Amino acid sequence: MATDLSQHIAGLDALELSNRERQSLASRVWARSWPMLSAILLVLAVWELVVLSGWRPEYVLPGPVTVLEDLWNRLGEAEFYEALGVTMRRAITGFAIAVLVGLVVGAAVSRIRPLRAALGSLITGLQTMPSIAWFPLAILFFKLSESAILFVVVLGAAPSIANGLIAGVDYTPPILLRAGHILGLRRLALYRHVILPASLPSFLSGLKQGWAFAWRSLMAGELLVIIAHQASIGEQLDNARELSDAPGLLATMIVILVIGIVVDMCFGAADNALRRRWGLDQRVG
């Protein structure tokens, strides 16, 4: 009888704990969602007020309902997903190449003093150059081709990634380096097991900034380099401009914005996971 009673009480405790966990999860989701939802509603309200004010004719600046209807219709078209697939393939390919280049350059510059003296300022200078400035050279090298777009995407993203790694290596605590030497780690082993893990926060920040530059460079490239018989988000944006299709243009811009927000949230999740792993999460409760 006592055993049955204890099992019953344990079951009630487990049920209560499960309810608390569900409530906690729901409250966390709501706490993260309501600021974004409020911002979206505020933007839509301001947008509608601007349209109602008559600042621009509605065929130039349509209201949010018209644009969202156009976006909904696009989501049902196969051409939209084909264009989205081409753009995302270019973005992932260019960003992956940029990460590889940034890793190699950043690792070399951060550990070899002559390279730091020769290339440190050059990397920062390349990072500050507008992506649009590279396109005349890219078109001269590769004509109107996908290689021209990828060339500019890599040049736009790689310097930020390299600088992120360089900053992370520079701020590696000396005590970790001494501990690595005491444990017998040298050269590549020290870099792999001590320096790279210690530089992860700065490197992740560099990756995030590199993605932002890559995405901006890609959109500029798809507007300038139109490849025949190959749909893309930038090509749809340019077509909407040429046809004076304001709802389609704004709908495409919303797609570009949403992709940027989603990727930023992914980087934010990675940063939060890294903070929790290192015990840096300061949230209470």
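Let's start with a pocket. Helices α1 and α11 each supply at least two residues to the lining of the second largest pocket. Keep in mind that this is a predicted model.

How much space lies in that second largest pocket? About 370 Å³. Which element gives the largest share of its lining? That is α11, with six residues. Now the names. Arg32, Ser33 and Met36 are among the lining residues. So are Asp264, Met265, Gly268 and Ala269. Asn272 and Arg276 complete the list. By class, this lining divides into three nonpolar, three polar and three charged residues.

Now the largest pocket. Its volume is about 520 Å³. Fifteen is the number to remember here: 15 residues line this pocket. Closest to its centre are Ile40, Val43, Ile254, Leu257 and Val258. Which elements give two or more residues to this lining? They are α1, residues 2-52, and α11, residues 246-277. The largest share comes from α11, with seven residues. What classes do we find? The lining of the largest pocket has 15 nonpolar residues, no polar ones and no charged ones. Set that beside the second largest pocket, with its three nonpolar, three polar and three charged residues.

How do we find such spaces at all? Rolling a probe the size of a water molecule over the atoms shows where empty space is left.

Next topic: charges. Side chains of opposite charge can pair when their charged atoms come close. How many salt bridges does the count come to here? Nine.

Take Lys208 and Asp264. They form a salt bridge, and their closest N and O atoms are 3.2 Å apart. Lys208 sits in helix α9, residues 200-224, and Asp264 sits in helix α11, so this pair ties together parts that are 56 residues apart in sequence. Are these two buried, partly exposed or exposed? Lys208 is partly exposed, at 37% relative accessible area. Asp264 is partly exposed too, with a relative accessibility of 37%. And you have met Asp264 before: it belongs to the lining of the second largest pocket.

Now Arg90 and Glu146. Their side chains meet in a salt bridge, at 3.7 Å from N to O. Arg90 is in helix α3, residues 78-111, while Glu146 is in helix α6. The pair links distant parts of the chain, 56 residues apart. Is Arg90 buried or exposed? At 2% relative accessibility, Arg90 is buried. Glu146 has a relative accessible area of 18%, so Glu146 is buried as well; the cut-off for buried is under 20%.

Let's stay with Glu146. Helix α6 runs over residues 146-170, and Glu146 lies in it. What does Glu146 touch, leaving out residues up to four places away in sequence? Arg89, Arg90, Ile227 and Gln230. With Arg89, the side chain of Glu146 makes a polar contact of 2.6 Å. There is a network here as well. Salt bridges link Arg89, Arg90, Glu146 and Glu222.

One last pair: Arg241 and Glu242. Their side chains meet in a salt bridge, at 3.8 Å from N to O. Glu242 is exposed, with a relative accessible area of 54%. Compare Glu146, which is buried at 18%.

To recap. The largest pocket has a lining of 15 nonpolar residues. The second largest pocket has a lining with three charged residues in it. And Glu146 belongs to a salt-bridge network with Arg89, Arg90 and Glu222. Thanks, everyone.

Methods:
Residues numbered from 1 in each chain as written. Predicted model: local features only at pLDDT ≥ 70, side-chain atom pairs only at ≥ 80, totals over all residues. Heavy atoms only, no water. Helix = DSSP H or I, 4+ residues; strand = E, 2+ residues; numbered from the N terminus. Buried < 20%, exposed > 50% of the residue type's maximum accessible area, 1.4 Å probe, protein only. Polar contact = N/O pair within 3.5 Å; in protein donor to acceptor, adjacent residues only side chain to side chain. Contact = heavy atoms within 4.5 Å. 1 Å grid on protein atoms, 1.4 Å probe; cavity = no way out; pocket = protein on both sides within 12 Å on 5 of 7 lines; lining within 4 Å. Points joined across faces, edges and corners; volume = space filled by probe spheres on them. Nonpolar A, V, L, I, M, F, W, Y, C, P; charged D, E, K, R; others polar. Salt bridge = Lys/Arg side-chain N within 4 Å of Asp/Glu carboxyl O.
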